[in-house]
Amino acid sequence: TAFRDSLIERQRIADDLEHQREQLTTLINAIPDVVCLKDGEGRWLVVNDNGRRLFGLENVDCLGRTNADLAHYSPSLGTHGAGDWRAWEHRTSWRCEEVLSGADGTPHIYDVVRVPLFGPDGGRKGLVVVGRDTTERRRIESALARLSRQNELILEAAGDGIVGVDADGDTVFANPAAARLTGWDLHELLGNHHHQLIHHHRADGSPYPVAECPVSQTLRDGQPRRGTDETFWRKDGTPIVVEFS
């Protein structure tokens with residue numbers, strides 16, 4: 001009876017462990033990132049489905065094998081392990097950007113975080129590796145940077161003064177021509193209220209209420225307006241007659 005009870009208890013423990021393993025497997029496979037757990041020698045203990053797909057290992061028995069063992073399935077694995085040793089060497093989490101090519105050779109940019117694990121004696125126990133595909137984000141960032149630079153070049157080359165104001169009427173960008181026209185440096189224009197800085201009085205010297213300013217009116221109702229005989233004021237206090245839209 002005692003022997004049978006012992007077998008039943010062992011089976012219960014085994015069932016519990018298998019259930020926990022299944023839960024862990026389900027969890028890491030649900031994570032959109034690449035997740036891998038290695039032992040202290042760099043052998044793969046756990047890898048989720050995204051990791052297998054990335055390196056073309058869906059039908060490969062990769063557990064218990066190192067990156068070098070698996071490099072012929074995906075060349076990226078041959079260099080991917082360098083970051084592992086850096087994490088162990090520094091004995092702290094190691095984050096870097098890596099270009100990894102999948103089994104089809106298509107390069108992807110990954111934000112990779114490695115967390116080394118150590119035993120009570122200080123020896124290497126394991127390594128958690130998590131990689132997030134940032135290829136699309138980097139592509140968008142690069143495109144936005146190019147667009148921003150193109151816009152800067154257009155603004156810098158324009159002969160007319162160009163000023164952008166936010167909903168509060170504060171200047172958020174201005175081109176060199178606007179600075180030359182008004183006599184204010186660019187850093188003096190930026191962040192300051194457009195009307196109060198250069199459009200505060202009429203040509204006869206009387207105050208120009210901000211509510212009557214065409215720029216302020218457009219900010220309120222969103223309707224385009226043109227000014228053909230307006231007065232701006234330079235930094236030195238001299239007026240200039242301008243046409244603006």
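# Questions on a predicted model

Q: How many disulfides does the count come to in this predicted model?
A: The model is a predicted one. A disulfide needs a pair of cysteine sulfur atoms within 2.5 Å. By this rule the count of disulfides is zero.

Q: Which cysteine sulfur is nearest to that of Cys36, and how far away is that sulfur?
A: Cys36 takes part in no disulfide. Its relative accessible area is 6%, so Cys36 is buried. The nearest cysteine sulfur belongs to Cys62, at 7.7 Å.

Q: In what order do the five strands of the open sheet stand?
A: The pairing in this open sheet is antiparallel. Neighbouring strands are turned against each other by 25° on average, direction ignored. The order of the five strands is S2-S1-S5-S4-S3.

Q: Which strands are the edge strands of the sheet in the order S2-S1-S5-S4-S3?
A: Strands of a sheet pair through backbone hydrogen bonds. An edge strand here pairs on one side only. The edge strands are S2 (44-47) and S3 (94-101).

Q: Is strand S1 largely enclosed or largely open to the outside?
A: Strand S1 covers residues 34-39, six residues in total. Buried means under 20% relative accessible area. Five of the six residues of S1 are buried, so the strand is largely enclosed by the rest of the structure.

Q: How many bridges join S1 to S5, and which residue in S5 stands opposite Val34?
A: S1 and S5 run antiparallel. They are joined by six bridges. Opposite Val34, in S5, stands Gly131.

Q: Which residue in the hairpin of S1 and S2 takes a positive phi?
A: S1 and S2 pair in the antiparallel sense over three bridges. Lys38 stands opposite Trp44 in S2. Four residues lie between the strands of this hairpin, and a positive phi near 85° is taken by Gly42.

Q: How many bridges pair strand S4 with strand S5?
A: Strand S4 spans residues 107-118 and strand S5 spans residues 124-133. The bridge partner of Leu117 in S5 is Gly126. The two strands pair in the antiparallel sense, and the number of bridges is nine.

Q: Which residue takes a positive phi in the hairpin of S6 and S7?
A: Strand S6 (residues 163-165) and strand S7 (residues 171-174) run antiparallel and are joined by three bridges. Val165 has Thr171 in S7 as its bridge partner. Five residues lie between the strands, and the positive phi near 85° belongs to Gly169.

Q: How many residues apart are Arg132 and Asp33, whose side chains meet in a salt bridge?
A: The salt bridge between these side chains has an N to O distance of 2.9 Å. Arg132 is in strand S5, while Asp33 is in the loop between helix H1 (2-30) and S1. The pair links distant parts of the chain, with a separation of 99 residues.

Q: Is Asp33 buried or exposed?
A: Its partner Arg132 has a relative accessible area of 47% and is therefore partly exposed. The cut-off for buried is under 20%. Asp33 has 10% relative accessibility, so Asp33 counts as buried.

Q: How many salt bridges does the structure hold?
A: Some of the charged residues are linked in a network of salt bridges, namely Lys38, Asp84, Glu98 and Arg114. For the structure, the number of salt bridges is 16.

Q: How far apart are the closest N and O atoms of Arg139 and Glu136?
A: Both residues lie in helix H6, three residues apart, about one turn of the helix. Arg139 is partly exposed at 48% relative accessibility, and Glu136 is partly exposed at 45%. They form a salt bridge, with the closest N and O atoms at 2.6 Å.

Q: Which residue forms a salt bridge with Glu152?
A: Glu152 is partly exposed, with a relative accessible area of 37%. Its partner is three residues away in helix H6, so about one helical turn separates the two. The closest N and O atoms are 3.1 Å apart, and the partner is Arg149.

Q: Which residues form a nonpolar patch on the surface?
A: One member, Leu144, lies in helix H6 (residues 135-157). Leu144 has a relative accessible area of 53%, so Leu144 is exposed. Together the patch residues have about 270 Å² of accessible area, and they are Ile140, Leu144 and Leu147.

Notes: Residues numbered from 1 in each chain as written. Predicted model: local features only at pLDDT ≥ 70, side-chain atom pairs only at ≥ 80, totals over all residues. Heavy atoms only, no water. Patch = residues over 30% accessible without salt bridge, like charges linked within 9 Å, V, L, I, M, F, W, Y side chains within 5 Å. Areas by Shrake-Rupley, 256 points an atom, 1.4 Å probe, with all protein chains shown as cover. Salt bridge = Lys/Arg side-chain N within 4 Å of Asp/Glu carboxyl O. Buried < 20%, exposed > 50% of the residue type's maximum accessible area, 1.4 Å probe, protein only. Pairing = 2+ DSSP bridges. Axes fitted to C-alpha atoms, helices over the stretch in contact; angles between N-to-C directions.
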